[in-house]
Amino acid sequence: MDGIKTSMDSLEISLKRLASAVEALEWATDLRMRHDEARATTQEEFALMQDDRSSLAVELDAAVDRSRALESANSEAAKRLAHAAQAIERVLGRLAPDSEP
């Protein structure tokens, strides 16, 4: 009977070790799953930021193009206004009564 008790004690110890190992494995698996989920979330956020960055770059390029076009139009309008002002001054100078020489 003593051999059976020793075998039973050994079996209990082995079962406790097995239960402990299974618990450690479950803990490690849970930790790994959380890590993988966090990594996937981080990668998704990074991809979204890259998409946003690309969209913003396109919008910025368009805004810069519009700004340059407006600057060019403004410059052209200023030149035309200056020419018109000179023409008006010439016309008014011709219409003004002669002043003393």
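Student: How many residues apart are Asp 30 and Arg 34 in helix α1?
Tutor: Keep in mind that this is a predicted model. Asp 30 and Arg 34 both sit in helix α1, with a spacing of about one turn of the helix. In residues, that spacing is four.

Student: How far apart are the closest N and O atoms of Asp 30 and Arg 34?
Tutor: A salt bridge needs a side-chain nitrogen of Lys or Arg within 4 Å of a carboxyl oxygen of Asp or Glu. Asp 30 and Arg 34 do form a salt bridge. Their closest N and O atoms are separated by 3.0 Å.

Student: Is Asp 30 buried, partly exposed or exposed?
Tutor: Buried means under 20% relative accessible area and exposed means over 50%, with partly exposed in between. Asp 30 has 33% relative accessibility, while its partner Arg 34, at 55%, counts as exposed. So the label for Asp 30, going by its 33%, is partly exposed.

Student: Which residue shares a salt bridge with Arg 32?
Tutor: Look four residues away in helix α1, about one turn of the helix. The side chains meet there at 3.0 Å, N to O. The partner of Arg 32 is Asp 36.

Student: Why does Arg 32 count as exposed?
Tutor: The cut-off for exposed is over 50% relative accessible area. Asp 36 is partly exposed at 34%. Arg 32 counts as exposed because its relative accessibility is 54%.

Student: What is the N to O distance in the salt bridge of Arg 80 and Glu 76?
Tutor: Arg 80 and Glu 76 are also both in helix α1, four residues apart. Arg 80 is exposed, with a relative accessible area of 58%, whereas Glu 76 is partly exposed at 36%. Their closest N and O atoms lie at 3.1 Å.

Student: How many salt bridges are there by this rule?
Tutor: We've met Asp 30 with Arg 34, Arg 32 with Asp 36, and Arg 80 with Glu 76. The count comes to three.

Student: Which residues form the nonpolar patch on the surface?
Tutor: Together the members have about 570 Å² of accessible area. One of them, Leu 11, lies in helix α1 and is partly exposed, at 46% relative accessible area. The full set is Ile 4, Met 8, Leu 11, Leu 15, Leu 18 and Val 22.

Student: What is the C-alpha separation of Leu 70 and Glu 89?
Tutor: Leu 70 is in helix α1, which covers residues 2-95. It is exposed, with a relative accessible area of 60%. Glu 89 is 19 residues away along the chain, and the C-alpha atoms are separated by 28 Å.

Student: What is the radius of gyration of the chain?
Tutor: The chain has one helix and zero strands. For 101 residues the globule rule gives 13 Å, and the chain is well over that, so it is more spread out than a compact globule. Its C-alpha trace spans about 145 × 20 × 10 Å along the principal axes. The radius of gyration is 43 Å.

Student: What share of the chain's residues count as buried?
Tutor: The chain exposes about 9600 Å², with carbon and sulfur atoms supplying 59% of it. Of the 101 residues, the share that count as buried is 0%.

Student: How far apart are the mean positions of the positive and negative charges?
Tutor: The chain carries 13 positive and 20 negative charges. Take the mean position of each set, and the separation is 5 Å.

Technical notes: Residues numbered from 1 in each chain as written. Predicted model: local features only at pLDDT ≥ 70, side-chain atom pairs only at ≥ 80, totals over all residues. Heavy atoms only, no water. Helix = DSSP H or I, 4+ residues; strand = E, 2+ residues; numbered from the N terminus. Buried < 20%, exposed > 50% of the residue type's maximum accessible area, 1.4 Å probe, protein only. Patch = residues over 30% accessible without salt bridge, like charges linked within 9 Å, V, L, I, M, F, W, Y side chains within 5 Å. Areas by Shrake-Rupley, 256 points an atom, 1.4 Å probe, with all protein chains shown as cover. Rg over C-alpha atoms; globule rule 2.2 N^0.38 Å. Lys, Arg positive; Asp, Glu negative; His and termini not counted. Charge placed at Lys NZ, Arg CZ, Asp CG, Glu CD.
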